[in-house]
Amino acid sequence: DWAIKVNGYQISYDEFERDYQQRMRYMQQLRAQYGDWIMQVYAQFSPKQATIDSLISQELMSQAALKV
């Protein structure tokens, strides 16, 4: 199964889930280090959408690099 498709390339749900979980662990570390106020800053961002955007950007850069 795939979660995202970029120019025909499929990014698997497993890859998405790994990246999402890594992002969530990072947010937990920030919360532990800086307290709850940091979560108010990040409340305006969707971690899932940020993960999707990041994976798409990475794939587009990879595809562009292959064309060079």
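**Close-up 1. Surroundings of Thr51 in the predicted model.** Apart from neighbours within four places in sequence, Thr51 is in contact with Phe16, Asp19, Tyr20 and Arg23, in a structure that is a predicted model throughout. Thr51 itself belongs to helix H3, and its relative accessible area of 0% places Thr51 among the buried residues. Of the residues that Thr51 contacts, Phe16 is buried with a relative accessible area of 8%, and Asp19 is likewise counted as buried at 16%, whereas Arg23, at 25% relative accessibility, is counted as partly exposed.

**Close-up 2. Ser54 and its partners.** Ser54 is part of helix H3, which covers residues 47-67, and with a relative accessible area of 21% Ser54 is partly exposed, because the buried class ends under 20%. When neighbours within four places in sequence are set aside, Ser54 is in contact with Asp19 and Arg23, both of which lie in helix H1. The view can be extended to Val6, which is 48 residues away from Ser54 along the chain, while the C-alpha atoms of Ser54 and Val6 are separated by 12 Å.

**Close-up 3. The salt bridge between Arg23 and Asp19.** Arg23 is joined to Asp19 by a salt bridge in which the closest N and O atoms are 3.6 Å apart. The two residues, both in helix H1, are four residues apart, or about one turn of the helix. Asp19 counts as buried at 16% relative accessibility, while Arg23 counts as partly exposed at 25%. Each of these residues is also among the contacts of Thr51 and of Ser54.

**Close-up 4. The aromatic cluster of Tyr13, Phe16 and Tyr20.** A search for aromatic pairs in the model gives a count of three. In the pair made by Tyr13 and Phe16, the ring centres are 6.0 Å apart and the planes stand at 40°, so the pair is classed as tilted. Tyr13 and Phe16 are three residues apart in helix H1 (residues 13-34), a separation of about one helical turn. Tyr13 is partly exposed, with a relative accessible area of 45%, whereas Phe16 is buried, with a value of 8%. Ring pairs link these two residues with Tyr20 into a cluster, and over the ring of Tyr20 sits the charged end of Lys48, at 5.6 Å from the ring centre.

**Close-up 5. Tyr34, Trp37 and the nonpolar patch.** The rings of Tyr34 and Trp37 have centres 6.4 Å apart and planes at 70°, and the pair is therefore edge-to-face, given that planes over 60 degrees apart fall in that class. Both residues are partly exposed, Tyr34 at 42% relative accessibility and Trp37 with a relative accessible area of 48%. Together with Val41, Tyr34 and Trp37 make a nonpolar surface patch of about 310 Å². Val41 lies in helix H2, which covers residues 37-42, and Val41 counts as partly exposed at 35% relative accessibility.

**Close-up 6. The salt bridge between Asp36 and Arg31.** Two salt bridges are found when the whole structure is searched; one of them is formed by the side chains of Asp36 and Arg31, with an N to O distance of 2.7 Å. Arg31 is counted as partly exposed, its relative accessibility being 43%. The salt bridge of Arg23 with Asp19, in which the closest N and O atoms are 3.6 Å apart, is shown in an earlier view.

How values were computed: Residues are numbered from 1 along each chain as its sequence is written. This is a predicted model: local features need pLDDT of at least 70, side-chain atom pairs count only at pLDDT 80 or more; totals for chains, interfaces and linings use all residues. Side-chain values use heavy atoms; hydrogens and water are left out. Rings of Phe, Tyr and Trp (its six-membered ring) pair if their centres lie within 6.5 Å; planes under 30 degrees apart count as stacked, over 60 as edge-to-face and the rest as tilted. Buried means under 20% relative accessible area, exposed over 50%, partly exposed in between (1.4 Å probe, protein chains only). A charge sits over a ring if NZ of Lys or CZ of Arg is within 6 Å of the ring centre and within 35 degrees of the ring normal. Contact means heavy atoms within 4.5 Å. Patches are made of residues with over 30% relative accessible area and no salt bridge: like charges are joined within 9 Å, nonpolar side chains (Val, Leu, Ile, Met, Phe, Trp, Tyr) within 5 Å. Accessible areas come from the Shrake-Rupley method with a 1.4 Å probe; for residues, only the protein chains shown count as cover. A salt bridge is a side-chain nitrogen of Lys or Arg within 4 Å of a carboxyl oxygen of Asp or Glu.
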